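Please examine the structure shown here before reading the report on its fold and its charged contacts.

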Protein chains: 2
Amino acid sequence: MTVSFNYTNALPFLKETELEYLSEFVEVAHNRLHHKTGPGSDFLGWVDWPLHYDKSELTRIKHAAQNIRKHSDALIVIGIGGSYLGARAAIEALSHTFHNQLGQQTAVYFAGQNISPTYITHLLELLEGKDISINVISKSGTTTEPAIAFRIFRDYMETKYGKEEAKKRIFATTDRSKGALKSLADQEGYETFVIPDDIGGRYSVLTAVGLLPIAVAGLDIDQMMEGATAASYKYNNIDLSTNECYQYAAVRHALYQKGKDIELLVNYEPSLHFVSEWWKQLFGESEGKDQKGLYPASVNFSTDLHSMGQYVQEGRRNLIETVILVKKPRVDLVLESHTQDLDGLNYLAGQTMDEVNKKAFQGTVMAHLDGGVPNLLLELEELNEYNFGELVYFFQKACAVSGYLLGVNPFDQPGVEEYKKNMFALLGKPGFESEISELEKALVR
Amino acid sequence: MTVSFNYTNALPFLKETELEYLSEFVEVAHNRLHHKTGPGSDFLGWVDWPLHYDKSELTRIKHAAQNIRKHSDALIVIGIGGSYLGARAAIEALSHTFHNQLGQQTAVYFAGQNISPTYITHLLELLEGKDISINVISKSGTTTEPAIAFRIFRDYMETKYGKEEAKKRIFATTDRSKGALKSLADQEGYETFVIPDDIGGRYSVLTAVGLLPIAVAGLDIDQMMEGATAASYKYNNIDLSTNECYQYAAVRHALYQKGKDIELLVNYEPSLHFVSEWWKQLFGESEGKDQKGLYPASVNFSTDLHSMGQYVQEGRRNLIETVILVKKPRVDLVLESHTQDLDGLNYLAGQTMDEVNKKAFQGTVMAHLDGGVPNLLLELEELNEYNFGELVYFFQKACAVSGYLLGVNPFDQPGVEEYKKNMFALLGKPGFESEISELEKALVR
């Protein structure tokens, strides 16, 4: 087993029959996913993606990545939401902690994930004197944040390299046939990669959206796809009593039904921080609708045991913790004995740092259980590309099942448009003239 | 006004009398703080700290910082919780976004804030060939995470520089007179700085705990203390109707009483991310006890409008948003017109990026208000040291008042010990033998 889930430490909060009673509902959800009969069924491309993805495009991705790695000190990935978090999660989780600072290989920076002039100015300052390439990722090409960043970087590239050379350094991941970015790419001759029509942003990390930046970071995307493929077989099993992916969905649903309405994704390796950010989009955007859904939050332990630990131990008792634990550390250190033992740490001499980290984990689970916080556990044998692929698929499928159990369409995101409508009206975007008078009334109010 | 608070966009969720009815309770809290009559009154040193702090120590801090900046490529700050988050929040908020990568001044890295052998190994790899200094920050010197990191770095320094030179490069911020770190520092002759007895970790950023690393990052700590001083006058006013700091405390309390139990600290500048992490410790650790307290969470907008935005707009209606808005950006960019308008952005030409960012803010507040999320607003005239000092004091005092209104001791953290007890027992620490047999029973269960 490379990724495994267990809910032993949630059992004190569940009656034996609770999951049993949910199993037929899980079967309904399973069938909706595999027979495309549920709400949002136009967005189920991810279910069999690891089996049916375009192998020739994967080859092109690897080729482009090699090319970028050869000619660029840095790749700037321009995207937001699902076109940002998946690649960032993989790269931070699996690369050297200071990968962008070692100068040993092509650095990967992100832009277009905010509207801060400070951020983009500072990024441009950092890039001075460096050779760069761009991967702009947008289905439509008109999403405000990445579109602004891409305008800035396109001008920058054309000034720096001239129009011809710039074209070779810009890679567009976008719709197969339509949209502003696709039109521009065709016109300019950028190499393009496809965002499939039937895979939504938050489900897209294993498409070109995530894979090109991940490959540029030097990671093995073949292994990642193999892990996802293995997961797609492993979790294609209608039986709740043996499908750990569905067990995660069912347990968190059962706990939500009894008032546990915040789920904390917990890790003990700081490099997993952005896996939690990716997970927050996946679950928050899939389930947070119709005035319901577990609120997805995250903590990095043991760091945050010294900040949020007090709340988790003794605050409101509406929390669930789901721990991602990496069994085998990437590197380890043996703790030494000191002749003087002023800090009282000599009792640890001969143990490894990872052993201490694992005891912190065990001690924390027990303390939080005593405090009334159900604990779910997702164990990764080690932190590598294969297991990352498996983990992604595990969460994606669990999220879909969980959303169906909750009675929502797990694949839409109607609420994301609300702020955009207002923003467009306030910015004077053509076509939003009718909204502005209403907004002005609201502003005066 | 350099920092100002308003709750106009919470008014639709509050009856006019609600705050009025709270004002006498706020007076009680105010008096507890200023007359030291409430629970936790041994930890009120921060209230008048900006007026009474040791000026000669501030001079020593600036001198040490200058010395470190002269002789070191990097400072490693070893600490966790309150000995980590405050300095990190200030440095990330106020420095260049890529300050550690520009090579123009002494970089600041953090260690001892986790037990990851990968993190510390990678940090040591990054530091190869660089000249470094250490600032170890711990009241006792025996907190596991920083104590482990300090053992590793002390050995590293003595091997690299020899014992004599290492001593000059190690700075200890610790108790004035007792504890393991103080003893070691005295014995070895490290320069030491004081963690006051009457200021808890989460309230310590404006003491040497935060100020030395902040000064090494090249920031103006005099300005920071001046901002805090101004705030200590500004918010020393018992009257709720005019004290914005108390208004923040009272409004969030009133909203909590009606079921809003998650507060999101929101920013529109990514450099404020760690201000939110610091704030989460401040409020989570102060209020999350006795099975109560608002759960403190955070989002970075507009980034997270594309991940958590759906949940905020349409998920469970138990959210409050508190926005930190920086009025004047540090730098700005004018958006250009393009001859071709494929991405449809030409309507923005001539506007600045910050203007777009502000419209995103306005559009979002209105959308979330319509969605049923009360919005509080904290405006900073600009992002600088003075305003950071004022902001820190604003939050610290608001948190204390809010905690008293909630009926807790805002200055203790009994729950933080639970996991430590278990961990020590599991690690075989002398003195925890009795706990281990109980834990083993629990593990078998």
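The report below treats the overall form first and the salt bridges second.

This is a predicted model, in which local features need pLDDT of at least 70, side-chain atom pairs count only at pLDDT 80 or more, and totals for chains, interfaces and linings use all residues. Residues are numbered from 1 along each chain as its sequence is written, chains are lettered from A and ligands numbered from 1 in the order in which they are written, and side-chain values use heavy atoms, without hydrogens and water.

Of the 445 residues of chain A, 65% count as buried (under 20% relative accessible area; exposed is over 50%, partly exposed in between; 1.4 Å probe, protein chains only). The C-alpha trace of chain A spans about 60 × 60 × 55 Å along its principal axes.

The structure holds 58 salt bridges over all chains, each a side-chain nitrogen of Lys or Arg within 4 Å of a carboxyl oxygen of Asp or Glu. Three of them are listed here.

| Pair | N to O distance |
|---|---|
| A:Asp197 and A:Lys178 | 4.0 Å |
| A:Asp261 and B:Arg316 | 2.3 Å |
| A:Lys289 and A:Asp412 | 2.8 Å |

Both A:Asp197 and A:Lys178 are exposed. A:Asp261 counts as buried because its relative accessibility is 8%, whereas B:Arg316, at 24%, counts as partly exposed. A:Lys289 has 2% relative accessibility and therefore counts as buried, while A:Asp412, at 26%, counts as partly exposed. Salt bridges that share partners also join A:Lys139, A:Asp175, A:Lys178 and A:Asp197 into one network.
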